[in-house]
Amino acid sequence: MFLSDYFELILFTSALKSYADKVLEKLDPKNSYFSHRFYRDDCVMFEENLFVKDLRRIGNRKLEVI
């Protein structure tokens with residue numbers, strides 16, 4: 001049983017894609033758990049080296065806590 005069987009799993013990291021993909025190769029080698037992946041390029045930079053995840057990037061999904 002996996003969480004991905006019940007929920008849409010989206011990875012959102014402020015890491016560079018090249019670094020994050022190497023970690024994800026170990027966590028999800030078949031690309032079967034995460035439906036979408038967002039990286040540093042998908043973040044908003046407010047100050048030098050301060051990256052904030054912009055949840056508008058994940059599209060039309062309900063973000064409220066259940």
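Cys-43 stands opposite Lys-53 in strand 4, in a model that is predicted rather than experimental. Local features are reported at pLDDT of at least 70 and side-chain atom pairs at pLDDT 80 or more, whereas totals for chains, interfaces and linings take in all residues. Residues are numbered from 1 along each chain as its sequence is written, and side-chain values use heavy atoms, with hydrogens and water left out.

The pairing that holds Cys-43 and Lys-53 is between strand 3 (residues 43-47) and strand 4 (residues 50-53), which run antiparallel and share four bridges. Strands count as paired here if DSSP finds at least two bridges between them. Helices (H or I, at least four residues) and strands (E, at least two) are themselves DSSP runs, numbered from the N terminus. Strand 3 and strand 4 make up a hairpin, with two residues between them. Asn-49 sits in that turn and has a positive phi of about 65°.

Zooming out, the protein chain has one helix and four strands, and reading along the sequence gives the pattern β-α-β-β-β. The C-alpha trace spans about 40 × 30 × 15 Å along its principal axes. Of the 66 residues in the protein chain, 21% are buried; the cut-offs are under 20% relative accessible area for buried, over 50% for exposed, and partly exposed in between (1.4 Å probe, protein chains only).

At the other end of the pattern, strand 1 (residues 9-12) and strand 2 (residues 34-38) are parallel and joined by four bridges. Phe-12 has Phe-38 of strand 2 opposite it. Together with helix 1, strand 1 and strand 2 form a β-α-β unit that is right-handed. Right-handed means that, with the strands pointing away from the viewer, the path from the first strand over the helix to the second runs clockwise.

Helix 1 covers residues 17-27 and includes Val-23. With a relative accessible area of 37%, Val-23 is partly exposed. Val-23 also belongs to a nonpolar surface patch with Leu-16, Tyr-19 and Leu-27, and the four residues together offer about 400 Å² of accessible area. Patch members need over 30% relative accessible area and no salt bridge; like charges are joined within 9 Å, nonpolar side chains (Val, Leu, Ile, Met, Phe, Trp, Tyr) within 5 Å. The areas come from the Shrake-Rupley method with a 1.4 Å probe, and for residues only the protein chains shown count as cover.

On to the charged side chains. Five salt bridges turn up in the structure, each one a side-chain nitrogen of Lys or Arg within 4 Å of a carboxyl oxygen of Asp or Glu. Lys-17, Asp-21, Asp-28 and Arg-37 are linked in a salt-bridge network. Within that network, Asp-28 and Arg-37 meet through their side chains at 3.4 Å, N to O. Asp-28 is buried, at a relative accessible area of 1%, while Arg-37, in strand 2, is partly exposed at 23%. As for longer spacing, the C-alpha atoms of Arg-37 and Glu-64 are 20 Å apart, with 27 residues separating the two along the chain.

A further salt bridge joins Asp-42 to Arg-57, with 2.5 Å between the closest N and O atoms. Asp-42 is in the loop between strand 2 and strand 3 and Arg-57 in the segment after strand 4, so this contact ties together parts 15 residues apart in sequence. Asp-42 counts as buried at 13% relative accessibility, but Arg-57 is partly exposed at 45%. Arg-56 and Asp-54 also form a salt bridge, at 2.9 Å from N to O. Here Arg-56 is exposed, with a relative accessible area of 71%, and Asp-54 is buried at 15%.

Then there are the aromatic rings. Rings of Phe, Tyr and Trp (its six-membered ring) pair if their centres lie within 6.5 Å; planes under 30 degrees apart count as stacked, over 60 as edge-to-face and the rest as tilted. By this rule there are two aromatic pairs. One of them is the tilted pair of Phe-2 and Tyr-33, with 5.1 Å from centre to centre and 40° between the planes. This pair links distant parts of the chain, 31 residues apart: Phe-2 comes from the segment before strand 1, and Tyr-33 from the loop between helix 1 and strand 2. Phe-2 is partly exposed at 44% relative accessibility, as is Tyr-33 at 27%.
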